[in-house]
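Trainee: Could you take me on a close look at one enclosed helix, and then follow the trail from there into the rest of the fold? I'd like the reasoning spelled out wherever a number supports it.

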Amino acid sequence: MSFNPLRLKRRWAVAASVVTIAALTALTGCSGSSSDASSTGDTATPVAGGTLKLAFWDDQQGCIDPNQVYWIESRSIDRQIADSLTDQDPDTGKIVPWLATSWTTNDNATQFTFTLRDGVTFSDGEKFDATAVKTALDATYALGAKSLLGVSYLAGYDSTTVIDPTHVQVNFKTPNAAFLQATSTTTLAILAPKTYQETPEARCAGAIIGSGAFTLDNYTAATSAHLTKRADYAWPSSLVKNEGAAYLDAIDVTYIKEDSVRNGELSSGQIDIAWPRLPISDADQQVLKAAGDTIETRALPGISYVLTSNITGTKPLSDPLVRQALQKAIDRPTYASTVFWADYPVVKSPVESTTPFATDESSLLAFDLDGAKKLLDQAGWAVGPDGYRYKNGQKLTLDEPLTTSGAGDQLLQDQLKQAGIDLTLDVVTTAQYTQKTAAGDYDLVGTYYTRADPSVLGSVFDQALTKAPTAVNSQDAATAATISADFAKGLQTTDDTQRAAAYADLQKTLITAGVTFPLYERLQVSAVSPKVHGFAFTSEAFLRANDIWLEQ
């Protein structure tokens, strides 16, 4: 994700990419996980030793600093190097202790006080304490736009106060109820104070020191990384079974862009885990399973793959009736089963099912071709001899810039044609894409964003938080005010029931106002060698290697 979410447009199922938050009773889907190796009751006794060989698909951002990086593959590496104050249970969404053993929050979510674990050290021998937490949070906030994720995670940040070595208070100028979840992420991982003496560029290149179960020995952007275990590690998250040093001696990371090559190396035993960005095809999954490999799957929490509208000026989508028609003209079940596979989950909301407070908005996203046609008739767009619709001599054309185009794009193009809408797939360079989106020279753009909290929607759609085109161009003044109000409600209280209500309203508004058009769920699908035991995903579908061991 250049992590301009708008730059990395990529269809998961086809070719190459993009980017841009109980009663957890509303946590309807912290379920989309199928972690066979860790959930099938593997009772074998772990043995220590060996090097795990892991192949990702790419490293386009070329940065490994957890405080700066948005690239999800790099965040999987960072999870092994850098610990966080808290962790998030992948099954329930609950925030649990890690480097912080407990915490309290005031009623309006502007003060968070943490009690810190004693006896933790960074890999350079520095002691983890309240001063280290203050140093890390102050430095991450100071990164500003260099930390695309940190900007939203620390929205309203004021200061951090060291109470004593094991107690620290984080203060916000404005409520930020999502901050507690943010403390579980790699973005707000706590690095050694010495790390922050390095420049942001040096940290991006690998000059980072964490307290994690592994240390980063070397990192060459887009080429490789090597991690070695810490023999004295003894402070894992409460979600980890292994309370001591990792079983693995080391982890070797490489990047292999071609699916066939990556899968072939897994089958031949040259790597132990194949970790692509796009879901492994159904056909390839069957081949890998036949060879004894395990397929691990979890929906990436955060914003689903969505198309976002541009309603400015006299563009077609400035008419609410056209936006409503577009919502009805997308056949999402057919898209999922055609582009991916038969039982691939159908998107139900602007956020993924594994996101806390996700709601099922299937009824608002139902395919209704006749309804779409009636709305377009009502809006004055009449069907011409070529099957497309026209109004005042102008064809109903929606322009979608993208850097690559594949089967999913063409399927959507065919679906919209049935309603008389001409979807133009404008394949451009990355630089041109950035220029077009910044200039508002588009009707639809794709985006997604990974975070296990629905507040992530604010990074893309809240005009009070961002001036990104996805926010500025997608809403009229009244809709923008409603959306900002819902975001504010979600951040002003730590009461789960109230947060759930606010984010439910928000999800409905984003759909009914035609701000966004959910297209498909994003699944992390990885293939694992049978000699790998203890595989586990984090809540954000990153790798957790503490419990992994290899058959010798």
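## A buried helix and what lies beyond it

Mentor: Happy to. In helix H2 of this predicted model, the buried residues are Ile72, Glu73, Ser74, Arg75, Ser76, Ile77, Asp78, Arg79, Gln80 and Ile81. That makes 10 of the 10 residues of H2 (residues 72–81), so the helix is largely enclosed by the rest of the structure. Notice that the buried set includes Glu73, Arg75, Asp78 and Arg79, which count as charged residues.

Two residues of H2 lead us on to internal cavities. Arg79 is part of the lining of the largest cavity, together with Asp87, Ser184, Thr185, Thr186, Thr538, Ser539, Glu540 and Phe542. The volume of this cavity is about 60 Å³. Sorted by class, its lining comprises 1 nonpolar, 5 polar and 3 charged residues.

Arg79 also appears in the lining of the second largest cavity, and Gln80 joins it there. The other residues lining that second cavity are Asp83, Trp98, Ala213, Phe214, Tyr233, Arg544 and Asn546. Its volume is about 50 Å³, and its lining has 4 nonpolar, 2 polar and 3 charged residues. Arg79 is therefore worth selecting in your viewer, because a lining residue is one with an atom within 4 Å of a cavity point, and Arg79 is listed for the largest cavity and for the second largest.

Staying with the C-terminal part of the chain, look at the loop between strand E23 (532–533) and strand E24 (549–550), where Ala541 sits. The phi of Ala541 is positive, near 65 degrees, in a residue other than glycine. As background, most residues other than glycine have a negative phi. Ala541 also counts as buried, at 1% relative accessibility.

A second residue of this kind is Phe357, in the loop between H10 and H11. Phe357 is not a glycine, yet it takes a positive phi of about 70 degrees. With a relative accessible area of 2%, Phe357 is buried.

The loop between helix H10 (332–340) and helix H11 (369–378) also holds Pro350, a buried residue whose relative accessible area is 0%. Beyond its neighbours within four places in sequence, Pro350 contacts Gly302, Ile303, Ser304, Val306, Leu457, Gln507, Leu510, Ile511, Thr516 and Pro518. One of these partners, Leu510, is 160 residues away from Pro350 in sequence, while their C-alpha atoms are 7.6 Å apart in space.

Gln507, Leu510 and Ile511 take us to helix H17, where they are among the buried residues. Also buried in H17 are Arg499, Ala500, Ala502, Tyr503, Ala504, Leu506 and Thr509. The cover over these buried residues includes helix H9 (320–329), helix H14 (458–461), helix H16 (477–492) and strand E21 (516–520).

You can run a simple geometric check on H17. Its 17 residues (496–512), at 1.5 Å a residue, should span 24 Å, and this agrees with the 24 Å between its end C-alpha atoms. At the N-terminal end, Asp495 acts as a cap, with a side-chain oxygen 3.0 Å from the backbone nitrogen of Thr497. Just after the helix, Gly514 has a positive phi of about 70 degrees.

Three further stops show how other parts of the chain are placed. Leu143 belongs to the loop between helix H3 (130–142) and helix H4 (148–153) and counts as buried at 8% relative accessibility. Apart from residues up to four places away in sequence, Leu143 touches Asn67, Gln68, Pro200 and Arg203.

Ile209 lies in the loop between helix H6 (200–204) and strand E9 (214–220). At a relative accessible area of 19%, Ile209 is buried, because the cut-off is under 20%. Its contacts, without residues up to four places away, are Phe122, Ser123, Asp124, Leu191, Ala192, Lys194 and Thr195.

Finally, Gln169 is in strand E8 (residues 167–172). Outside its neighbours within four places in sequence, Gln169 is in contact with Gln111, Phe112, Thr113, Ser159, Thr160, Thr161 and Ile163. With Thr113 there is also a side-chain polar contact of 3.4 Å. For a sense of scale, the C-alpha atoms of Gln169 and Arg262 are separated by 46 Å, with their positions 93 residues apart along the chain.

Technical notes: Residues are numbered from 1 along each chain as its sequence is written. This is a predicted model: local features need pLDDT of at least 70, side-chain atom pairs count only at pLDDT 80 or more; totals for chains, interfaces and linings use all residues. Side-chain values use heavy atoms; hydrogens and water are left out. Helices (H or I, at least four residues) and strands (E, at least two) are DSSP runs, numbered from the N terminus. The expected span of a helix is 1.5 Å times one less than its number of residues. Buried means under 20% relative accessible area, exposed over 50%, partly exposed in between (1.4 Å probe, protein chains only). Contact means heavy atoms within 4.5 Å. A polar contact is a pair of N or O atoms within 3.5 Å; within protein, one must be able to donate a hydrogen and the other to accept it, and residues adjacent in sequence count only if both atoms are side-chain atoms. On a 1 Å grid over the protein atoms alone, a cavity is a set of points where a 1.4 Å probe fits but cannot get out, and a pocket is an open set with protein on both sides within 12 Å along at least five of seven lines; lining residues have an atom within 4 Å of a point. Grid points are joined across faces, edges and corners, and a volume is the space filled by probe spheres set on the points.
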